[in-house]
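Dear colleague,

Please find below the structure that I am handing over to you. My notes on it follow directly after.

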Amino acid sequence: MTAPLLTMPTPRTAPLRGGPVLNWGVIAPGGIATDFVHALHTHTDQRVIAVASRSVDRAHEFARRHSIARVHEDYAALYDDEQVQIVYIAAPHSEHRRLALDAIAAGRHVLIEKPIAVSADEARDIAAAARAAGVFAMEAMWTRFLPQTDVMLHLHEDGVIGDPRLVIADLGFAAHPRAGGRLFDPALGGGALLDLGVYPVWLSHLWLGAPTAVTARGTLTASGVDQQSALVLDYASGAQALLSTSIRVTSPGSASVSGSHGGLQVDPSFVFPGGFSAEHGDARGRFVDVSGLTHRDGMAWQAAAVAQHIDDGLRESPLHPLRTSIDVLATIDEARRRLAITA
């Protein structure tokens, strides 16, 4: 007998084109900023009109490659550019708080690469400053805005999952310490948890909220940052999250949510645009993202959502509020403490 089919809802994501448009400025034009600008210019109506870097030559080269009109000699000049409506901050984690506070003080909206800061206390500083200044601020947790994330939550709203009871997620990308760089530098907020673990920890918060207890086991690099760890998050309801992250190995990037009435299995890697399988009793369903966007092109949905939020007069995202970013970092703070990371 053929299993009954689950009907997949239509994604409620902001349209990539035809909606409100912002003029963006980019701080720190590295690899993630390159992918961000490409996603915006290729798949949305959003436009990056200005860039600033610690290296003027680097900023000019970035502007040339992406047809950006303005190059500013320092960050303050970009903040003071009246044509820039929102600043995308793509610097190393350790710089997020300082740069965000400077941009906010200049009256600019901010989208800050994940993690929003290197600790929950720093994230609270950013949230307080943005609220006091009356500007929009958000962590760039772009996976939250992907079509499959919305469809999964829609199914949950419809009772398909029931009570979420177990979230399992992993994310690892191998990096070699001999290559150096920010991942292995404690001063720059290095380590797997802040760079990659933020995704599975965020996913557990999306489905289960903030945990009542955090257990963490793992190993550190010679420089003192976490290279691989496994987390168990416990909740008052009896639910659990089993999470792992690594810069020692590349893992599948799998994720699943199991509930009292059904479950979801996300296609790897769960951080990218893709699909998932769903079950509810004997019924089965499958969602496939037909947009054609892959990998970091998925940042386009995040930018479109931010533009819509700001046009709606919001000062933080109802989909990914600042409270969530703070709670996620509080969980990571506790995991890092248990791994004896002091930086």
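The notes below cover a buried aspartate, salt bridges and the accessibility of their partners.

This is a predicted model, in which local features need pLDDT of at least 70 and side-chain atom pairs count only at pLDDT 80 or more, while totals for chains, interfaces and linings use all residues. Residues are numbered from 1 along each chain as its sequence is written, and side-chain values use heavy atoms, with hydrogens and water left out.

D170 is buried (under 20% relative accessible area; exposed is over 50%, partly exposed in between; 1.4 Å probe, protein chains only). D170 has no salt bridge (a side-chain nitrogen of Lys or Arg within 4 Å of a carboxyl oxygen of Asp or Glu). The nearest side chain of opposite charge, K114, is 15 Å away (Lys and Arg count as positive, Asp and Glu as negative; His and the chain ends are not counted). The side chain of D170 does make a polar contact of 2.5 Å with that of S251 and another of 2.5 Å with that of S254. A polar contact is a pair of N or O atoms within 3.5 Å; within protein, one must be able to donate a hydrogen and the other to accept it, and residues adjacent in sequence count only if both atoms are side-chain atoms.

The structure holds 18 salt bridges. One of them joins D35 and R296 at 2.8 Å, N to O. D35 is partly exposed at 27% relative accessibility, as is R296 at 35%. R108 and E82 form another, at 3.7 Å; R108 is buried at 9%, whereas E82 is exposed at 65%.

Yours sincerely
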